[in-house]
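Student: Please take a close look at one part of this model. I should like a single connected account, with the cut-offs behind each term.

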Amino acid sequence: MQLIEFRPLYMERIWGGKNFESKLCRKLPEGKPIGESWEIVDRPDQQSVVASGPLEGKTLRELLTLLPSELLGPDYDPQRPFPILVKWLDCCERLSLQVHPPLEIAAELQGEPKTENWYIANANSNASIVAGLRPNVTREMFERSMAEGTIEDCVQTLPTNTGDHILIKSGCVHAIKAGNLILEIQQNSDTTYRLDDWGRLGLDGKPRQLHTHRGLQSINFSDPQVELQKADINKTVIADCSEFRIRKFDLGPDDVPMSFPSHEQARLFHVVSGSLHDLISGQKLQYSKNYLQPYATELSIVAETKSTLLVTDNFLD
């Protein structure tokens, strides 16, 4: 079995644009602001479909039902959803200020926890994100600022550059500002509580719903400040939490092949620059694409050009 590539699912968003065409070389639906491309997803309302090869046309859920051991190993429960959701985000305008519920209270709030990692694949010169609270901000201060329309006084704004990355845990207040193209690797969750949408209207011309009560319950006011990891820091492991691990490899054509043995664990591959191929199957790994390495598949990866490859693993209990 080879690496598995899925067809992207494009999502219209009020803050989206056309950068998937100009920067990721994708063909988009006409006349719609596309903000998200769901690359790998296993949810009741959205399913990834295999793009090519012997399994072409099958959904990720069908694969997990038919080939659970080959895909994710002998201990995987095929009734369990695939634990990771991978997206591209085209943030032409700023997203809402939001938070995701922590595991301890998610069920009580009728939601799902969502820890996510952002890899800044491209950033405009003035791009930034909001991540975490400013020092010593209390719930009372935060609620008062929401009522007074001064919410930005309570949150931390961080300038971004291409190649930066940050881990956003459930309970952390966050927003992405305009000018960021981001690869988001997250828990399989679609629960977002909006705290502020900056007064704008949605695609239907009406204000988008806020979730003030559940959002305030979800915020971790005692959490330390979130740190943006800069691109020039030479680190292989760029995220390591209980939900997943992400490693970054900068590779060139003269580097020795990278071995990813079979029967260890399933892995996800994300090509954020350049192009690569697998010496065993001859399969190409192309820029902007995301792939699933099945548990039973062995790989030997080499770069065709100067490339940056992210590898997500440790996402199964």
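Tutor: Ile 246 in β16 has Thr 312 in β23 as its bridge partner. The model is predicted, so local features require a pLDDT of at least 70 and side-chain atom pairs count only at pLDDT 80 or more, whereas totals for chains, interfaces and linings use all residues. Residues are numbered from 1 along each chain as its sequence is written, and side-chain values use heavy atoms, with hydrogens and water left out.

Seven bridges connect β16 (residues 245–251) with β23, and the two run antiparallel. Strands here are DSSP runs of E of at least two residues, and helices are runs of H or I of at least four, both numbered from the N terminus; two strands pair if DSSP finds at least two bridges between them. Strand β18 (residues 267–273) also pairs with β23 in the antiparallel sense, over five bridges. In that pairing Val 271 lies opposite Leu 309 of β23.

Strand β23 (residues 307–313) is largely enclosed by the rest of the structure, because seven of its seven residues are buried, meaning under 20% relative accessible area with a 1.4 Å probe and protein chains only (exposed is over 50%, partly exposed in between). Ser 307, Leu 309, Val 311 and Asp 313 point one way from β23, while Thr 308, Leu 310 and Thr 312 point the other way. Both of these sets are buried.

These strands belong to an open sheet of six, in the order β1-β21-β18-β23-β16-β15, with antiparallel pairing. Its edge strands are β1 (4–5) and β15 (237–240), each of which pairs on one side only. β15 pairs with β16 through three antiparallel bridges, and there Val 237 has Arg 247 of β16 as its bridge partner.

Strand β22 (residues 299–303) can be described in similar terms. Five of its five residues are buried, so β22 too is largely enclosed by the rest of the structure. Leu 299, Ile 301 and Ala 303 point one way from β22, and Ser 300 and Val 302 point the other. Three bridges join β22 to the antiparallel strand β17 (residues 258–260), with Ser 259 opposite Ser 300. Three bridges likewise join β22 to β19 (residues 276–278), again antiparallel, and Asp 278 is the bridge partner of Ile 301.

Two single residues complete the account. His 174, in strand β12 (residues 174–176), is buried with a relative accessible area of 1%. Its side chain makes a polar contact with the backbone oxygen of Cys 172 at 2.8 Å; such a contact is a pair of N or O atoms within 3.5 Å, where within protein one must be able to donate a hydrogen and the other to accept it, and residues adjacent in sequence count only if both atoms are side-chain atoms. Beyond four places in sequence, the contacts of His 174 (heavy atoms within 4.5 Å) include Glu 116, Trp 118 and Ile 168.

Leu 24 lies in the loop between α1 (19–22) and β3 (34–40) and is buried, with a relative accessible area of 3%. Apart from neighbours within four places in sequence, Leu 24 is in contact with Asn 19, Trp 88, Leu 181, Tyr 287 and Ser 288. Leu 24 and Gly 282 are 258 residues apart in sequence and 23 Å apart in space, C-alpha to C-alpha.
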